[in-house]
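User: I should like to go through the reasoning behind several labels attached to this structure. Please set each value against its criterion.

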Amino acid sequence: MFHHVEPYAGDPILSLNEAFGKDPRTDKINLSIGIYFDDQGKIPMLASVRRAELKVVEHAGARPYLPMEGAANFRHEVQTLLFGANNPALQSGRVVTIQTVGSSGGLKVGADFIKRYFPGSEVLVSDPTWDNHRAVFEGAGLTVTTYPYYDAATGGLRFDAMLAALSLAAKHSVVLLHACCHNPTGVDLTKEQWQQLLPVLQERELIPFLDLAYQGYGDGLYEDTFALRMLADSGISFLAVNSFSKNMGLYGERCGGLTIVCPDAAQAVNVLGQLKANVRRNYSNPPLHGGQIVAFLLGDPAIRTQWETEVDEMRARIKAMRTQLHAVLSAKLPGRDFSYFLSQRGMFSYTGLSPEQCERLKNEFGVYILRSGRLCVAGLNSSNVEATAVAIAAVLT
Ligand code: KET
């Protein structure tokens with residue numbers, strides 16, 4: 001019956017992470033998947049999340065289905081986290097948010113929405129981007145192409161080329177943008193560059209689709225929403241997904257949101273209705289537990305403040321690891337420029353290592369980074385940063 005089913009080649013991130021799990025070496029180092037590990041090499045259970053979860057469990061009762069769009073308190077807290085409580089866009093009723101199965105689920109529901117109402121639109125993603133972006137949009141039946149983004153020569157942004165390409169994009173093309181902490185490069189637009197991008201998006205009537213998977217890991221929980229707030233202020237319509245996998249450590253709970261900012265409240269009602277219909281025919285409604293932890297945490301001022309401090313600490317630890325890796329590598333290979341480790345932000349650095357060098361890192365040193373050269377800085381700690389630098393220096397010489 002299934003002889004025509006071909007083998008799955010695996011996923012470049014998840015399969016490598018699984019390979020790491022099976023590697024018997026005790027000194028192996030996992031810098032593959034985008035997960036934050038603490039200085040002991042463990043995924044932290046944030047104290048704020050633990051407190052919120054205990055409260056949720058204490059009050060837990062029957063487990064009815066959630067509505068298709070998710071829990072009202074979760075959706076409300078997401079909106080205020082993304083836009084600020086007094087944002088006029090929220091007050092006008094033109095912003096709709098649904099609770100999704102991680103931000104991945106939000107991307108898929110958003111992609112299905114685009115396919116249905118803008119069937120001819122192409123999706124433009126940055127070159128490079130998270131591998132799954134292409135997979136999700138193509139899986140929804142859309143055509144995906146790239147716009148210039150990363151400059152391998154400088155380790156920076158090809159901003160002029162990006163603007164030029166988007167200025168030529170067809171009307172109603174979807175432009176996938178990383179709101180902060182670009183994955184895989186760690187290279188972000190500055191505020192000024194976002195402001196320069198805005199008129200191009202408006203003139204071409206492009207549909208921005210923002211991915212905010214790393215809120216809090218760039219410059220701060222509030223600062224990292226700059227692009228969303230700027231677009232909302234401009235009156236432009238756009239989609240955005242956000243995630244609590246990384247900033248609350250709730251990876252396996254699958255807590256995310258899809259938000260669509262519409263021209264007015266009347267259109268927002270219909271957009272929300274179609275998102276609900278889409279959820280219904282995919283998975284009916286999202287799960288309850290993780291979303292309630294998120295909603296409780298964000299709604300409790302004391303626990304929320306504690307969480308904000310914990311996010312600040314995670315961000316600071318990553319920055320400290322960047323500094324250490326840079327220092328050790330610069331000392332070992334004085335002729336080379338490793339300043340990209342310092343300028344790139346978020347969980348990842350793009351090392352420029354070739355696939356062969358990445359293979360050597362894995363096979364000879366047990367250091368796992370993606371074949372693209374993406375290194376998860378959040379997997380470094382005071383016990384493995386030196387060994388990582390030694391291994392990188394070895395494959396570079
Ligand atoms: N968007 C981006 C840009 C992203 O890097 C991830 C996860 C997600 C969305 C999905 O997050 P979630 O809300 O958990 O569905 N990225 C890491 C893990 C993965 O590939 O699934 C990674 O790049 O390693």
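Analyst: The model is predicted. A suitable starting point is V5, which is located in the segment before α1 (14-22).

User: Why is V5 called exposed?

Analyst: The relative accessibility of V5 is 51%. Exposed requires over 50%, so V5 counts as exposed. Together with M1 and F2, V5 forms a nonpolar surface patch with about 420 Å² of accessible area.

User: Why is C181 called buried?

Analyst: C181 has a relative accessible area of 1%. The label applies under 20%, therefore C181 is buried.

User: How do you know that C181 is in no disulfide?

Analyst: The search of the whole structure finds zero disulfides. For C181, the nearest cysteine sulfur belongs to C180 and is 3.7 Å away; because a disulfide needs sulfur atoms within 2.5 Å, C181 is in none.

User: What makes C255 too far for a bond?

Analyst: The closest cysteine sulfur to that of C255 is in C180, at 18 Å, so the pair is too far for a bond. C255 is also buried, with a relative accessible area of 1%.

User: What makes the pairing of W130 with the ligand a polar contact?

Analyst: A polar side-chain atom of W130 lies 3.0 Å from a ligand oxygen atom. The cut-off is 3.5 Å between N or O atoms, so the pair qualifies. An N or O atom in the R254 side chain is 2.7 Å from an oxygen atom of the ligand, and a backbone N or O atom of S103 also lies 2.7 Å from a ligand oxygen. Taken alone, the ligand exposes 530 Å², of which the protein buries 91%.

Definitions and conventions
Residues numbered from 1 in each chain as written. Predicted model: local features only at pLDDT ≥ 70, side-chain atom pairs only at ≥ 80, totals over all residues. Heavy atoms only, no water. Patch = residues over 30% accessible without salt bridge, like charges linked within 9 Å, V, L, I, M, F, W, Y side chains within 5 Å. Areas by Shrake-Rupley, 256 points an atom, 1.4 Å probe, with all protein chains shown as cover. Salt bridge = Lys/Arg side-chain N within 4 Å of Asp/Glu carboxyl O. Helix = DSSP H or I, 4+ residues; strand = E, 2+ residues; numbered from the N terminus. Buried < 20%, exposed > 50% of the residue type's maximum accessible area, 1.4 Å probe, protein only. Polar contact = N/O pair within 3.5 Å; in protein donor to acceptor, adjacent residues only side chain to side chain.
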